[in-house]
Amino acid sequence: MQVRDVRKAFGDFHVLNGLNLEFANDAITTVLGPSGTGKSVLIKHLVGLLEPDGGEVLIFGKDIWRISEHERYELRKRFGVLFQDGALFGSMNIYDNVAFPLRKHTDLAETEIEEIVMERLIEVGLEAALTKNPSEISGGMRKRAGFARALVMNPEIVLFDEPDSGLDPVRTSLLCDLILQMHERHKGTYLVVTHDIRSARKVSDYVGLIWKGKVVHYGEAEEAFASRDPFVRQFLAGDSAGPLGMD
Ligand SMILES: Nc1ncnc2c1ncn2[C@@H]1O[C@H](COP(=O)(O)OP(=O)(O)OP(=O)(O)O)[C@@H](O)[C@H]1O
């Protein structure tokens, strides 16, 4: 998975300004960046929800805007995405939410679907909540349900849009543990977009820093967290003093 010189503007407002990033296969990459810097816009490009004004989005080596809509649709099935609030269907219980992609995209029998769904729900610790509706469970549980649903098709790529938003530090830490466990068990290329430096420290193999629509640093997490570069240091230490300002 790679973005090459991707540019995107909304009207006169340039959000991505030649963004380059090649994600390491079978590793967890965290993308950090200030608010409004284009992290969610990047995710939307990777899943093919937004078309870049320039540059290429390569998934499994293919530019997703040089293939047919049908091929793009097929490609999306190999992605799992965990949106901020879990993006569950409010009218379906947790079991049906997790079963949804299998019912929609496969010909599996209900007994086979049940086996997979229950395995995923047990993995995320929600087997006791399967008959509940999303509104009846906590935000952390909704994220775990979203995670179970994101993994139900055995995706090769999993994208997390601020998985820690709205969670307290303990639940954030537990969710990070879960991300690590699931990655260990199922492998795959994971991208985690977050503001939370502690989460990044915990889960990342690689770290990318985005500022003003460009990648200003990319490398192994250990090296990034030990970096002497003033920008990287300010960013990863969350300091107010340094080259990064409010503008
Ligand atoms: N569809 C759109 N139309 C117009 N502007 C948009 C659209 N999508 C995003 N933007 C703008 O692009 C900028 C980047 O948005 P994005 O949501 O990617 O930021 P972010 O880095 O994810 O921020 P945060 O960390 O606060 O979620 C924002 O200023 C946003 O208002």
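**Ligand shell, sheets and a helix pair**

Biologist: How does the shell around the ligand divide by class?

Modeller: In this predicted model, the shell has three nonpolar, seven polar and one charged residues. Its members are F10, V15, G33, S35, G36, T37, G38, K39, S40, V41 and H195.

Biologist: What makes K39 the charged one, and where do the glycines go?

Modeller: Lys counts as charged, so K39 takes that place. Gly is grouped with the polar residues, so G33, G36 and G38 go there along with S35, T37, S40 and H195. F10, V15 and V41 are the nonpolar ones.

Biologist: Which element gives the largest share of that shell?

Modeller: That's α1, with three residues.

Biologist: OK, on to the sheets. What makes β2 and β5 edge strands?

Modeller: The strand order is β2-β1-β4-β5 in an open, antiparallel sheet. β2 (13-22) and β5 (62-63) each have a single partner strand, so one side of each has no neighbour in the sheet. Helix α1 (residues 39-46) packs on this sheet, touching β1 (2-10), β2 and β4, and its direction makes about 60 degrees with that of β2.

Biologist: How do you know that β4 and β5 count as paired?

Modeller: Pairing takes at least two bridges. Strand β4 (residues 54-59) is joined to β5 by two, so the pair meets the cut-off. In one of those places, I59 has K62 of β5 as its bridge partner.

Biologist: Why is the other sheet called open, and which strands stand at its edges?

Modeller: It has six strands, in the order β6-β7-β8-β3-β9-β10, with mixed pairing. β6 (79-82) and β10 (214-220) have a single partner strand each, so one side of each is left free of a neighbour in the sheet. On average, neighbouring strands here are turned by 15 degrees against each other, direction ignored.

Biologist: In which sense do β7 and β8 pair?

Modeller: Parallel: β7 (residues 157-161) and β8 (residues 189-194) share five bridges. D161, for one, stands opposite V193.

Biologist: Last one: why are α3 and α5 called roughly parallel?

Modeller: Helix α3 (residues 94-105) packs against α5 (residues 139-151) at about 25 degrees, with the axes 7 Å apart. Angles under 35 degrees count as roughly parallel, so this pair qualifies. The crossing is right-handed.

Biologist: Which residues make the contact, and how do they divide by class?

Modeller: I94, N97, V98, F100 and P101 of α3 meet A145, A148 and R149 of α5. That comes to six nonpolar, one polar and one charged. Arg counts as charged, so R149 is the charged one, and N97 is the polar one.

Notes:
Residues are numbered from 1 along each chain as its sequence is written. This is a predicted model: local features need pLDDT of at least 70, side-chain atom pairs count only at pLDDT 80 or more; totals for chains, interfaces and linings use all residues. Helices (H or I, at least four residues) and strands (E, at least two) are DSSP runs, numbered from the N terminus. Two residues are in contact if their C-beta atoms, placed from the backbone, lie within 7 Å. Axes are lines fitted to C-alpha atoms, for helices over the stretch in contact, and angles run from 0 to 180 degrees between N-to-C directions. A residue is near a molecule or strand if its C-beta atom, placed from the backbone, lies within 6 Å of it. Angles under 35 degrees count as roughly parallel, over 145 as roughly antiparallel, 65 to 115 as roughly perpendicular and the rest as oblique. A crossing is left-handed if the near helix is turned anticlockwise from the far one by less than a right angle, and right-handed if clockwise.
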